[in-house]
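The following report describes the fold of one protein chain, beginning with its strand pairing and ending with its overall dimensions. The sequence and structure come first.

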Amino acid sequence: MRIDVITLFPEFIDVCARVGVVGRARARGLIEIAMWNPRDFATDNYRSADDRCYGGGPGVVMMIDPLRKALDSARKASGSAQGKAIYLSPQGTRLDQAKVEALARRDHLILLCGRYEGVDERFIEHAVEEEISIGDYVLSGGELAAAILIDAVGRLQEGVLHDAQSASQDSFSDGLLDCPHYTRPERHEWGEVPAVLTSGDHAAIARWRRKQSLGRTWLRRPDLLARLELDPKQRALLDEFRREHEGKTTRDRDSGSGE
Ligand SMILES: C[S@@+](CC[C@H](N)C(=O)[O-])C[C@H]1O[C@@H](n2cnc3c(N)ncnc32)[C@H](O)[C@@H]1O
């Protein structure tokens with residue numbers, strides 16, 4: 001996969017492209033990341049890539065032409081003349097795992113990071129394929145949002161994760177939250193690892209994990225559960241979790257520890 005990023009602050013993206021899972025993938029040639037700074041395409045001595053808002057008011061807006069030239073250069077360098085950009089924007093469709101999986105299947109992404117008041121609307125209308133938001137809050141720039149997208153799609157590329165199964169067991173991949181995880185020590189003053197996980201019984205472990213996954217989703221994200229059609233086995237596991245949970249809540253209340 002190739003990802004071109006149009007940004008006034010390539011340093012932000014550079015960190016994400018050099019460290020961790022994405023950094024390793026890049027070093028192994030599994031992902032190519034290139035950055036394009038609109039200031040490099042400015043035509044004045046001040047390397048201006050932004051100007052005041054028409055109509056007055058505070059702040060400045062990113063100008064069309066430096067962005068357009070940066071986009072053309074990204075397209076040329078990638079060898080795909082048609083690529084439109086994804087604009088990271090608080091006004092876009094909210095990013096979720098289904099969207100990440102769809103984007104991860106593409107060979108090429110061009111990400112546009114806004115700054116200031118944002119980008120001239122005409123650029124969005126003519127050169128942007130879609131707008132993606134990472135949540136209902138406003139960042140000072142699109143670089144952190146782009147870094148999130150790069151990380152999320154990068155880890156899904158074939159050969160990037162050591163264990164391909166780990167991504168398929170993560171939260172959201174099957175519509176549920178992941179189960180809890182434990183590591184050494186087995187006994188600690190803050191509790192013991194559930195006995196089933198040290199039993200060596202793989203079928204029992206898989207069953208426990210499915211039950212926890214269903215139960216956590218029921219407790220924390222009922223909206224996700226409402227979107228799923230549970231099969232009879234899943235329904236039985238969830239009922240079991242709910243009975244155990246209700247039993248524990250009652251015991252906690254009776255012993256006063258739930259207060
Ligand atoms: C200060 S914001 C501009 C906000 C814009 N005036 C608005 O209210 O819609 C500057 C840039 O940060 C990025 N940004 C801010 N919040 C974001 C979010 N939730 N998701 C993705 N990008 C975001 C966008 O690229 C945006 O152009």
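In this predicted model, Arg-2 has Glu-32 as its bridge partner in β2, and in β6 the bridge partner of Arg-2 is His-108. Strand β1, which covers residues 2-6, therefore offers a convenient place to begin, being mostly covered, with four of its five residues buried. Five bridges join β1 to β2, and these two strands run parallel; β1 also pairs with β6 in the parallel sense, again over five bridges, and within that pairing Ile-3 stands opposite Leu-109.

These pairings belong to an open sheet of five strands, arranged in the order β2-β1-β6-β5-β7 with parallel pairing. Because β2 (32-36) and β7 (128-133) each have a single partner strand, they stand at the edges, and one side of each is left without a neighbour in the sheet. From one strand to the next, the twist averages 35°.

On the other side of β6, strand β5 (residues 85-94) is joined to β6 (residues 108-113) by three bridges, and the two run parallel. Ile-86 stands opposite Leu-111 of β6, while Tyr-87 has Leu-112 of β6 as its bridge partner. Strand β5 also pairs with β7 in the parallel sense, over six bridges, and there Ala-85 stands opposite Val-128. Strand β6 itself is largely enclosed by the rest of the structure, because five of its six residues are buried.

The residue pairs named so far are collected here by strand.

| Residue | Residue opposite or bridge partner | Strand of the second residue |
|---|---|---|
| Arg-2 | Glu-32 | β2 |
| Arg-2 | His-108 | β6 |
| Ile-3 | Leu-109 | β6 |
| Ile-86 | Leu-111 | β6 |
| Tyr-87 | Leu-112 | β6 |
| Ala-85 | Val-128 | β7 |

Several of these residues return in the nonpolar interior. The largest nonpolar core has 46 residues, of which Val-5, Ile-6, Ala-85, Leu-111, Leu-112, Ala-146 and Ile-150 touch the most other members. Helix α6 gives the most to this core, with six residues. A second, separate core of five residues includes Leu-177, Leu-214, Leu-237 and Phe-241. As a general background to such groupings, nonpolar side chains tend to be buried together in soluble globular proteins.

Which residues does Leu-112 touch, not counting those up to four places away in sequence? Its contacts under that restriction are Ile-6, Ala-85, Ile-86, Tyr-87, Leu-88, Val-119, Val-128 and Gly-142.

Helix α6 deserves a closer description. At 1.5 Å a residue, its 12 residues (143-154) should span 16 Å, and because the C-alpha atoms at its ends are 16 Å apart, the model agrees with that expectation. The buried residues of α6 are Glu-143, Ala-145, Ala-146, Ala-147, Leu-149, Ile-150, Val-153 and Gly-154, and both Ala-146 and Ile-150 are among the core residues that touch the most other members.

Is Arg-122 buried or exposed? Arg-122, which lies in helix α5 (residues 121-127), counts as exposed because it has 10 C-beta neighbours inside 10 Å, where the cut-off for an exposed residue is 12 or fewer. Its C-alpha atom is separated by 24 Å from that of Leu-149, a residue 27 places away along the chain, and Leu-149 is one of the buried residues of α6.

Taken as a whole, the protein chain contains 10 helices and nine strands. Its C-alpha trace spans about 70 × 45 × 40 Å along the principal axes, and its radius of gyration is 24 Å, whereas a compact globule of 259 residues would have a value near 18 Å. Buried residues make up 27% of the 259 residues in the chain. Among contacts between residues at least 6 apart in sequence, 75% join residues at least 24 apart.

How values were computed: Residues are numbered from 1 along each chain as its sequence is written. This is a predicted model: local features need pLDDT of at least 70, side-chain atom pairs count only at pLDDT 80 or more; totals for chains, interfaces and linings use all residues. The expected span of a helix is 1.5 Å times one less than its number of residues. A residue is buried if 20 or more other C-beta atoms lie within 10 Å of its own, exposed if 12 or fewer, and partly exposed in between; C-beta atoms are placed from the backbone. Two strands pair if DSSP finds at least two bridges between them. Axes are lines fitted to C-alpha atoms, for helices over the stretch in contact, and angles run from 0 to 180 degrees between N-to-C directions. A nonpolar core is a set of buried Ala, Val, Leu, Ile, Met, Phe, Trp, Tyr and Cys residues joined through C-beta atoms within 7 Å. Two residues are in contact if their C-beta atoms, placed from the backbone, lie within 7 Å. The radius of gyration is taken over C-alpha atoms; the globule rule is 2.2 Å times the number of residues to the power 0.38.
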